[in-house]
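Me: I'd like to talk through a protein structure with you, one question at a time. Could you take a look and reason along with me?

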Amino acid sequence: MSQEVQQDDRFSRVQATVPLQLRISAIPGAGRGLFVSEAVPSQGPIFSIAKPLLCIVDNSNEALQRTCDNCFATSGIHQTTSRKNLRFGRCPGCEVLSYCCAECQAEAWEHHHKAECAVLSRIRQDPRDKKEKSVTHKNARLLIRLLCLHDAGMIPEQKWDEILGLKTLMGTGQEGLERQVQSLCDLVTSYEVTSLDENVVRQLGHIQYNNNLAMDQPLLRDYLSYPAGNSCVTSGICLEPFASMVNHCCDPNSWWVFNGCEFQLRAIREIPAGEELTISYIGITENFNFRQEMLFHWGINCACSMCKKGPQGPTDGPLYRRLQNIQRLERESVTGCAPLSEIGAFIIDMVDEGGYDIGTWPIRHLYRQIFLTVIRKGNITGALKAWLKLYYVIEVASSPPQLPSERLNSLKKLISLIRTVRRMESPLITEDVKSTLPYIQGYLSRKLCEGTEKCFGDVEVAKFEKEQFQMAFGHCAESFDDRARYVQGAKVLLGWARIFDIPESNL
């Protein structure tokens, strides 16, 4: 039995680019799932929700001070907006949440904050909470907001039923989760947050832990700075019942991202008509054992095509023992990296003697360690060579593939390294390589602009990348469209890095 989402008044908040259906999932134990009735192109938008009711700013003091509780604009080292001179001000009532302008503060007040402000203020001012600082915990604030909005009559009955209908892990024997939920229940009871029955409060505590989504937003970083870390910042958590209908897969066909407080679901690859939408609840990783450990906490016994294959890397014998030794050295190292000699020899033996594919876990992880170790030593040419291998060879072969946002982040790192090497005077950089770098940098920068818009849509980060591209290359910006010239130069650069026989489709 299927249910057309567009014809259901409960889901009028959902803006879908293709017809969606709710029907029984093919995933064992998943219950219902969300399906597309028409094909979706790779990285295309699937559906969005403009402003979910429950979007909660993250825990850290920086987030609470420099993230707007209404539009989720952030400034500082985790910048998500190009607006200049933002002046964040705390709510004068609760002194917990911050706003980027008076308009956002007024909008948030009507949307949700008038229901919770007095409760947050009461908890913050209580001497008993000075040590625990419960009011800063995002999960506590999510449950408090949910209860306060309900008691204020600000959650429609149909949406309340949607929330209560979400899955939980109650009664599954997960003691750590039970302790966390009990702590939330004790907080709610202690401050008389709600008149709801304690069993309903406990259920809601489990619901929010099992169904909240990280609010990952694309970062804005200028072309001069080296983009360390990830392409997105987690600015908070969101509870949206409709998004919770998308089931888990370790090799998903879609992923979510936030543009401010707007939830977007986008395709990782082309999705044919009739296919069920899936996301990864635990991020994308080739590490089978890590996936199984994380999924256990979700109560999921995953039977996707990736998990059916079992571990793909060494699981016994000499290679496995060497891998365990490398992992031990990682844990004991101040930098978190094992010695280069150990890593390099292991990768060579894993591929040449073990017969493993270059995309097999843990090769990508280990190559990133090589890169980090080399760049920390100031060896920029060595770092570029390592990243060229990662970007053009290892990441392309990895399964499951990276999220589109992380692939863009790898490209941005590559552009930053090429730009730095261009300005170096070093006998290690041959003349033929020097002559190719300017065009490669320009071509890849253009690719970054186009890829950002394809990945995130025509949003602020896409406009920002276009501005950076024009700023960097000025009137020359339109000339970086000769793919044949780029391919020829890329082969020279890769040859310098001793990387050969790369298919042109990988370039």
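Reply: Happy to! Let's start with a definition: a disulfide is a pair of cysteine sulfur atoms within 2.5 Å. Please keep in mind that this is a predicted model.

Me: Thanks! With that cut-off, how many disulfides does a search of the whole structure find?

Reply: The test is whether two cysteine sulfur atoms lie within 2.5 Å. For Cys71, the closest cysteine sulfur is in Cys100 at 3.7 Å, so the two are too far apart for a bond. Searching the whole structure gives a count of zero.

Me: What about Cys476: how far is its sulfur from the closest cysteine sulfur?

Reply: Cys476 is partly exposed, with a relative accessible area of 33%. Its closest cysteine sulfur belongs to Cys449, and the gap is too far for a bond. That distance is 15 Å.

Me: Let's move to a sheet. In the open sheet of three strands, which strands stand at the edges?

Reply: The strand order is β6-β10-β9, and the pairing is antiparallel. An edge strand here has a single partner, so one of its sides has no neighbour in the sheet. That description fits β6 (54–57) and β9 (213–218).

Me: And which residue of β10 stands opposite Cys55?

Reply: Strand β10 covers residues 232–239 and pairs with β6 in the antiparallel sense over four bridges. Opposite Cys55, the residue in β10 is Cys238.

Me: Is Gln264 buried or exposed?

Reply: Gln264 is part of strand β13, residues 262–267. Its neighbours in contact, beyond four places in sequence, include Phe47, Trp255, Trp256 and Phe456. Its side chain also makes a polar contact of 3.4 Å with that of Arg266. Buried means under 20% relative accessible area, and Gln264 has 9%, so the verdict is buried.

Me: Nice. Now for the nonpolar cores: which helix gives the most to the largest one?

Reply: The largest nonpolar core has 79 residues, and Phe47 and Leu277 are among those with the most contacts inside it. Phe47 and Leu277 also touch each other, and Phe47 is in contact with Leu20 and Phe242 too. The helix that gives the most to this core contributes eight residues, spans 138–151, and is α3.

Me: Last one: how many residues are in the second, separate core?

Reply: Nonpolar side chains tend to be buried together in soluble globular proteins. In this model, the second core includes Ile347, Leu384, Leu437 and Phe456. Phe456 is also one of the residues that Gln264 touches. The size of this second core is 68 residues.

Terms used. Residues numbered from 1 in each chain as written. Predicted model: local features only at pLDDT ≥ 70, side-chain atom pairs only at ≥ 80, totals over all residues. Heavy atoms only, no water. Pairing = 2+ DSSP bridges. Helix = DSSP H or I, 4+ residues; strand = E, 2+ residues; numbered from the N terminus. Buried < 20%, exposed > 50% of the residue type's maximum accessible area, 1.4 Å probe, protein only. Polar contact = N/O pair within 3.5 Å; in protein donor to acceptor, adjacent residues only side chain to side chain. Contact = heavy atoms within 4.5 Å. Core = buried A, V, L, I, M, F, W, Y, C linked by side-chain atoms within 4.5 Å.
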